Amino acid sequence: MILGCYNCNSELIIFPNNRSFLRSYDLFINKFSPNPRKSFLFSSSSKRISTSFVSLSKKTNSEENESDENVPKRKISDQSSWEAKDSEGKDYLYRLGKEADNMNISVGARAGVIDDLFVGNFLGRDSDIVFDYRQKVTRSFEYLKGDYYIAPVFLVICHIVKNYIAHLLNTKVPLILGIWGGKGQGKSFQTELIFQAMGVEPVIMSAGELESERAGEPGKLIRERYRTASQVVQNKGKMSCLMINDIDAGLGRFGNTQMTVNNQIVVGTLMNLSDNPTRVSIGQDWRETDITHRVPVIVTGNDLSTIYAPLIRDGRMDKFYWQPTREDIISIVHRMYEKDGISRDAVVNIVDTFPNQALDFYGALRSRTYDRSISKWVDDIGGFENLGKTLLKRRKEDKLPTFIPPKQTVEALLESGYSLLKEQQLIMETKLSKEYMKNLED
């Protein structure tokens, strides 16, 4: 390496090792440059490159301003978007770093966003694997095969449409729809059928996610899921919504149930969503351009009276009591048994034989008729002693013996119905808990 004085016409050969470099550098400075404001030239060959030099002194403010105006700013790399600005014209990386809880992984390694240098083709054009996983929070209902009956009075369709055209309506549109009613009446299933028919790709939560050992986590999760549903609308061009199943199991007050901080935060979060559905924060600074698409929220439960009253008031939540009529039950059960060759008259006979039963009872009838056939199939494959080896430890090329489903008949369905009815009555009449806890009151 050659070190030379830019103002003097002198050169000094520098040895490649570090100690020789430091000694030679110090000697060169003392001998040729007593003035600390002189500039020096570094070259890697015997020919000095006079067009590039490094200044060892600090310039004055006036000199710095002049040089900044004349010399264009040097980009770090042609492949880097370090100079990217956000929608407000501010430095994008600075804004991301300033956010309180920076978990924004959707901008980490995506093509055209930040640092394309790290986006290769070995993982596809976008190497943000977590982004693809996060989108699987939505549900597409591909498992719903067949033709099912949708009750015409079900209010979900109207609620979804009203929220998507709320900006066109000259009225207040509640964001939340609360579907409530008896157990096993098909509240969630009917809603999913409507989602499938309308092409809605919802984000679904359960009551178990409304509590956490960390304070504030469930409220933040609801806001994140709401924003995810909004991103489905924006990025995929599909309708979406947020659905919370069995909300009263997570937020309801039963007897002396303790009210936790997370219960209060979840209720406050849902109330805030209802009042301001297009501005949803997940912890970052508020930005004027951060507008979230309005997406409807649908909750199901058995008893909405156990929920905090201001949340379910009119204006925030529409309430829909779902109690299928006899005609609804017959139509739904007939569609369920239609592929088995059971006629509508036979379905009417079954429904009249077991009145006042929930819809899931008639689905359990068909499931119970499989018990005898499954027991016979287990005996055919070697008995229950070899069941684990046959089902789990078989080789890839080994195929399970063919299972022949039973032929459904009205007699078999009625027999299963009487068996289920006997079990229901036995549970209600026996109450073995009284035998174990003598002081238990009725």
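**Exercise 1. Two packed helices**

Which residues in H7 meet which residues in H9?

Before solving, note the ground rules. This is a predicted model, in which local features need pLDDT of at least 70, side-chain atom pairs count only at pLDDT 80 or more, and totals for chains, interfaces and linings use all residues. Residues are numbered from 1 along each chain as its sequence is written, and side-chain values use heavy atoms, with hydrogens and water left out.

*Solution.*
- Step 1: Find the helices. Helices (H or I, at least four residues) and strands (E, at least two) are DSSP runs, numbered from the N terminus.
- Step 2: List the contacts, meaning heavy atoms within 4.5 Å. From H7 come Glu217, Pro218, Gly219, Ile222, Arg223 and Tyr226; from H9 come Asn262, Ile265, Val266, Thr269, Leu270 and Leu273.
- Step 3: Take the geometry. H7 and helix H9 (residues 261–275) pack at an angle of about 30 degrees, and their axes are 7 Å apart. Axes are lines fitted to C-alpha atoms, for helices over the stretch in contact; angles run from 0 to 180 degrees between N-to-C directions.
- Step 4: Classify. H7 is therefore roughly parallel to H9. Angles under 35 degrees count as roughly parallel, over 145 as roughly antiparallel, 65 to 115 as roughly perpendicular and the rest as oblique.
- Step 5: Sort the contact residues of H7 with H9. Seven are nonpolar, three polar and two charged. Here Ala, Val, Leu, Ile, Met, Phe, Trp, Tyr, Cys and Pro count as nonpolar, Asp, Glu, Lys and Arg as charged, and the others, Gly among them, as polar.

**Exercise 2. A second helix pair**

Describe how H5 and H6 cross, and name the residues in contact.

*Solution.*
- Step 1: The axes of helix H5 (residues 156–164) and helix H6 (residues 187–198) come within 10 Å and cross at roughly 50 degrees.
- Step 2: So H5 is oblique to H6.
- Step 3: H5 makes the contact with Val156, Ile157 and Ile160, and H6 with Thr191, Ile194, Phe195 and Met198.
- Step 4: Six of the residues in this contact of H5 with H6 are nonpolar, one is polar and none is charged.

**Exercise 3. The open sheet**

Give the strand order of the five-stranded sheet and identify its edges.

*Solution.*
- Step 1: The order is S6-S7-S8-S5-S9, with parallel pairing. Two strands pair if DSSP finds at least two bridges between them.
- Step 2: Strand S6 (203–206) and strand S9 (317–321) are the edges, as each pairs on one side only.
- Step 3: Neighbouring strands of this sheet are turned by 20 degrees against each other on average, direction ignored.
- Step 4: Look inside the sheet. Strand S5 (residues 176–180) pairs with strand S8 (residues 297–301) over five bridges. Leu177 stands opposite Ile298 in S8.
- Step 5: Add the helix. H7 (residues 217–236) packs on the sheet and touches S6, strand S7 (242–245) and S8.

**Exercise 4. Two positive phi values**

Where do Asp246 and Asn356 lie, and are they buried or exposed?

*Solution.*
- Step 1: Recall the background. Most residues other than glycine have a negative phi.
- Step 2: Asp246 has a phi near 55 degrees. Asp246 lies in the loop between S7 and helix H8 (247–251). At 38% relative accessibility, Asp246 is partly exposed.
- Step 3: Asn356 has a phi of about 60 degrees. Asn356 sits in the loop between H11 and H12. Asn356 is exposed, at 80% relative accessible area.
- Step 4: Check the cut-offs. Buried means under 20% relative accessible area, exposed over 50%, partly exposed in between (1.4 Å probe, protein chains only).
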